[in-house]
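Work through the following exercises with the sequence and the model open side by side. Try each task before reading its solution.

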Amino acid sequence: MKMRPLLPVLAALAYTLPTIAQDLVPETVPAASPPPESAPLIDEWESIVNIDASVLMPDYREPWNSGQPSGGSGTGFLIGKNRFLTNAHVVSNAIKLVIRTTNDPEPHPARVVFIAHDCDLAIIEAEDGTPFEKLKPLSFGGIPKLNTEVIAVGYPIGGDRISVTRGVVSRIDFRPYSHSGVDSHLAIQVDAAINPGNSGGPVIQEGKVVGVAFQGFSGRVAQNVGYIIPVPVVERFLKDVEDGHYDHYVDLAVSDFAIENSAQKKALGLNGDGVGVMIADVEPAGSAGGLLKRGDVLLSMDDNPVMNNGLIRFQGELMDMNEVVERKFAGDKLKLAYLRDGKKLEKELTLKRFDPYVRLGEQYNQRPRYIVYAGLVFQPMDKNLMDTYQIGDSAANYMFDNFLTEKLYVERPEPVLLTNILTDEVNTYITPYAQSVVDEINGVKIRSLKDVKEALAKKGDKPDFVVIKLMEKDRPLVLKRDLAETAHPRIMQTYNIPEDAYLGAE
């Protein structure tokens with residue numbers, strides 16, 4: 001997954017939040033219009049289901065609470081025995097799911113079987129699959145050609161019946177996926193109207209599924225522009241979960257710089273055949289860490305030449321070089337050929353997930369982690385937390401914005417913030433410390449939330465006090481230990497906090 005900023009106008013299309021894709025205008029084909037010859041008959045669309053989700057949105061301001069209830073709807077379709085494919089954002093944080101077919105208003109309870117937030121796909125199943133046993137699963141096709149017609153089928157907002165929109169394929173490209181906010185994969189742009197509620201629905205060409213509707217432009221930047229997840233991404237997800245577990249995408253975790261200047265090509269020892277892209281940066285915790293270096297010239301991946309603009313001809317198509325990595329799984333090998341100081345080298349690396357990258361993306365299906373001590377609330381830094389609090393502290397924003405570029409994750413894999421101070425007489429006059437990055441507690445360097453719990457219990461060179469140093473704060477935060485420990489249960493009761501820490505599931 002190439003590290004690129006997310007375009008702010010992209011939005012996932014499940015109708016779970018009022019700000020999502022509000023300005024997209026549906027163009028539903030009238031019910032009386034005959035379907036295209038390439039489309040299945042309407043009674044065969046029983047395999048395309050409406051999904052209603054009741055969700056519980058995590059509360060990052062009061063992480064000990066269960067969260068805020070919400071809801072939304074989307075689309076899914078049958079791909080196997082009691083297996084329905086949909087988008088991850090349709091079912092994320094769901095506490096209850098029901099599915100309905102177009103000819104049966106009866107709600108059928110369902111549950112999530114597999115979910116992949118990095119590629120916005122999920123598989124759900126009905127708790128009782130009997131009503132769906134006679135339905136015919138939809139089959140997959142390939143990547144549609146440019147300027148060919150497709151139809152999007154689903155349950156957009158504004159009605160209970162199935163809807164069909166028609167358009168053409170206008171672009172096939174490597175693009176950001178808005179659900180996580182940090183992942184990029186192959187995506188297909190279409191000019192069919194894809195609206196909130198269409199998410200997870202099939203996009204069909206010649207009777208075959210060629211993609212899954214998942215996001216579009218919100219606002220007035222573009223009209224009737226939608227994106228679908230293509231079959232190669234879907235097939236990779238389905239193959240990944242064959243062992244009963246989703247292992248996530250792997251990352252090369254490098255960035256590249258095009259080599260297009262003729263003098264630069266000569267200086268690097270390239271022969272002018274258009275092959276070779278410069279490595280601009282390498283993440284030390286990534287798959288290529290310790291192997292590639294900044295300034296290396298990447299020549300090929302698995303014997304596929306890499307062009308000087310970072311494209312590669314793979315499986316007969318010209319695409320981003322990261323597509324080679326996209327088709328692989330955790331533990332797979334990747335063969336690289338590259339130039340270093342004019343000398344050609346060939347080496348093999350083992351692919352793995354790049355975990356620091358995940359912290360910068362949206363988090364789902366997990367309870368917020370925290371520690372409360374004498375009214376001080378400590379939480380690990382991630383995008384959800386930064387967005388919730390709208391953090392204004394300069395050190396915290398620098399840490400988040402430069403977490404990758406400055407390799408800050410090496411020293412602090414999980415930065416911790418003092419997010420809030422629950423007012424009590426024991427912690428008066430320390431509110432200016434809120435939303436700061438925790439540097440040390442009682443002499444212990446804080447690299448993760450787990451360190452906070454251990455450090456608070458430690459008695460350092462000042463055993464009668466708890467001393468907390470915060471980044472870019474000239475004076476430490478100091479509490480008298482005996483008063484803090486006496487006040488702690490009182491504060492827990494006052495603010496109705498059931499447990500003073502949640503460090504995550506074991």
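**Before you start**

The structure is a predicted model, in which local features need pLDDT of at least 70 and side-chain atom pairs count only at pLDDT 80 or more, while totals for chains, interfaces and linings use all residues. Residues are numbered from 1 along each chain as its sequence is written, and side-chain values use heavy atoms, with hydrogens and water left out.

**Exercise 1. Describe the two faces of helix α8.**

Solution. Begin with the terms: helices (H or I, at least four residues) and strands (E, at least two) are DSSP runs, numbered from the N terminus. A residue is buried under 20% relative accessible area, exposed over 50%, and partly exposed in between, with a 1.4 Å probe and protein chains only.
Next, locate α8 at residues 449-457, where L449, D451, V452, A455 and L456 are buried. Seen down the helix axis, these buried residues fall within an arc of 140°, so they line one face of α8; the arc is that of the directions from the helix axis to the C-beta atoms.
Finally, look at the face turned away from this buried side, which carries the exposed residues K450 and A457.

**Exercise 2. Find which residues N402 contacts beyond its neighbours within four places in sequence.**

Solution. First place N402 in the loop between α7 (394-401) and β24 (416-421). N402 counts as buried because its relative accessibility is 17%.
Contact means heavy atoms within 4.5 Å, and, with neighbours within four places in sequence left aside, N402 is in contact with K407 and L408.
Then consider T405, whose side chain is joined to that of N402 by a polar contact of 3.4 Å. A polar contact is a pair of N or O atoms within 3.5 Å; within protein, one must be able to donate a hydrogen and the other to accept it, and residues adjacent in sequence count only if both atoms are side-chain atoms.
Now follow the chain of contacts to K407, which also has its place in the loop between α7 and β24 and is buried, with a relative accessible area of 19%. Leaving aside neighbours within four places in sequence, K407 is in contact with D281, V282, E283, P284 and N402.

**Exercise 3. Trace the strand order of the closed barrel and find the helix that packs on the sheet.**

Solution. The barrel has 6 strands in the order β2-β3-β4-β7-β6-β5, with antiparallel pairing; two strands pair if DSSP finds at least two bridges between them. Neighbouring strands of this sheet are turned by 40° against each other on average, direction ignored.
Helix α2 (residues 231-240) packs on the sheet and touches β3 (68-80), β4, β6 (104-116) and β7, with its direction making about 60° with that of β7. Axes here are lines fitted to C-alpha atoms, for helices over the stretch in contact, and angles run from 0 to 180 degrees between N-to-C directions.
As a closer look at one pair, β4 (residues 83-86) and β7 (residues 121-126) run antiparallel and are joined by 3 bridges, and T86 stands opposite A122 in β7.
A residue to inspect in β3 is I79, which, leaving aside neighbours within four places in sequence, is in contact with L85, P137, L138, F140 and L238. The C-alpha atoms of I79 and S139 are separated by 7.0 Å, although these residues are 60 apart along the chain.

**Exercise 4. Sort the residues of strand β18 by face, covered or uncovered.**

Solution. In a regular strand the side chains alternate between the two faces of the sheet. In β18 (residues 311-314), I312 and F314 form the covered face, whereas L311 and R313 form the uncovered one.
Strand β19 (residues 317-320) pairs with β18 in the antiparallel sense over 4 bridges, and M319 in β19 is the bridge partner of I312.
The hairpin of these strands has 2 residues between them, and in this hairpin Q315 takes a positive phi near 55°.

**Exercise 5. State which residues have the most contacts inside the largest nonpolar core.**

Solution. A nonpolar core is a set of buried Ala, Val, Leu, Ile, Met, Phe, Trp, Tyr and Cys residues joined through side-chain atoms within 4.5 Å. The largest has 35 residues, and those with the most contacts inside it are F378, L418, V438, I441, I468, L477 and L479. A second, separate core of 31 residues includes W45, L85, L138 and V233.
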